[in-house]
Structures are given as structure tokens and as C-alpha cells.
Amino acid sequence: MPVARALADLPYAQYLQPFDGELTYDGDYTEAHLDRAEFDGAAAAGARFSESAITSVTFTGSTFERARLDDVWVSRSRWIGGTWADVQLLGVTILDSVLAGVQAYSSHWRRVVVQDCKLDSLNLRGADLRDVEFRDCELSEVDFGEATLAGVTFPGSALRRVRFPKVTAKKLDFRGARELDVAQGWDSLAGAVLDAGQLAEVAPALAQTLGIVVR
């Protein structure tokens, strides 16, 4: 999926308005530009963001539960802790950013590109991801347990101690991932696509999962 690499490339860039207030419960933010700000414990549950940009912003322990992000561009930003539970992301691009310890269970992702990002201990249990690309990212201790993964790819990404227990996988494609370390859930990945080199690397883990003894 093509992505805008610069703010000026956005089709709505000329309409963006600087935002320097506080995020609020059920707030409505259209054509808003959040830039070089820090939000500590922001309460943005139920908020709606559309045709907006978030650049060089840090969110610490902030609540975005049930928020909706529609056509939002994020760059060089950080989410530390907090919750994205039941968040809806549609047509979202996240670049050069960090999500660490975020509780994003039961969230919904559609046509999302995550590029050059670090995802650490991200909780995606029960999430629904469709047409999502993790491109050149580092995923550490990410939990996809019981998630639906349809059209999800990881080109150039490193997956370390990632968990996939009881996922529903449809067109899940690991080809091109530079590391593939699955801590749990190989038995749920029927139908996933690997390349030959990856298969050789993960063969011991697959054998252990299937109870195959190699001597």
C-alpha cells in the first residue's frame, strides 16, 4: 500500500489546523494537526479523528478506548502505556513511531500501514486486523491471541517472541520478515505463508508443537 512519507504529501495537508488544546471524551477532531505536544493521562475515549495528522507527539498513560481514527497520518510519535481498547483505525498510516505497553485488545484495523515502528508488549488480543502491513518494524512480545488476521503482512520486519494463540488467519503472509520468532501459537497458523528459508529456521519450533521427535 502506498503511503505519504511527508506531511505535505497528504491530500488534506492544506486544510490542517494546529491543535493546542486538551483532548476530551467523545471529542470530534477533523483536519486537526497535533504537533510537538505531550499528553499525560489524556482522556480521549470515544474521540473521533478524521483527515488529521499527529507528528512528534508523546502520549503517556492515555485513554483512547472506543476512539475512531479515519484517514489519520501519524509520524515520529510515541504511545507509552494507556489503552486503545475497541479503537477503530481506518486508512491510518503510522510512521517512525513507538507503541509500548499499549492495551489495544478488541481493536479494529482496516487498511493500516505501520512502517519503521517499534511495537513492544502491544496487546492485540481479540483484535480484528484486515489489510494491515507492518513494514520494516520491530515487534517484540506482541500478543495477537484470538485475533482475526486477514491480509496481514510483515515485509522487512523482525518478530521476536510474538504470540499467536487461537488466532483466525486468512491470507497471513510472513514472507519477507527478517526475523520470525513465534513464542506461542504455531498450531493456530494453518494457512499462513512462509518462504523456504523461514521454514528451515522455524522447523524445530514446528516439530515441537506437533510433537515430532527429530533424532
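**Exercise 1. How many aromatic pairs does the structure hold?**

Solution. Before counting, note that this is a predicted model, where local features need pLDDT of at least 70, side-chain atom pairs count only at pLDDT 80 or more, and totals for chains, interfaces and linings use all residues. Residues are numbered from 1 along each chain as its sequence is written, and side-chain values use heavy atoms, with hydrogens and water left out.

Rings of Phe, Tyr and Trp (its six-membered ring) pair if their centres lie within 6.5 Å. The count comes to 16 aromatic pairs.

**Exercise 2. Classify the pair Phe-59 and Trp-79, then place both residues in the chain.**

Solution. Start with the cut-offs: planes under 30 degrees apart count as stacked, over 60 as edge-to-face and the rest as tilted. The ring centres of Phe-59 and Trp-79 are 4.7 Å apart with planes at 15°, so this pair is stacked.

Next, find the elements, remembering that strands (E, at least two residues) are DSSP runs numbered from the N terminus. Phe-59 sits in strand E6 (residues 58-60) and Trp-79 in strand E8 (residues 78-80), so the pair links distant parts of the chain, 20 residues apart.

Finally, both Phe-59 and Trp-79 are buried (under 20% relative accessible area, 1.4 Å probe, protein chains only).

**Exercise 3. Do the same for Phe-164 and Phe-174.**

Solution. Here the centres lie 5.7 Å apart and the planes at 80°, so the pair is edge-to-face. Phe-164 is in the loop between strand E17 (158-163) and strand E18 (168-170), and Phe-174 is in the loop between E18 and strand E19 (179-184), so the pair ties together parts 10 residues apart in sequence. To finish, Phe-164 and Phe-174 are both buried.

Notes. Helix = DSSP H or I, 4+ residues; strand = E, 2+ residues; numbered from the N terminus. Buried < 20%, exposed > 50% of the residue type's maximum accessible area, 1.4 Å probe, protein only.
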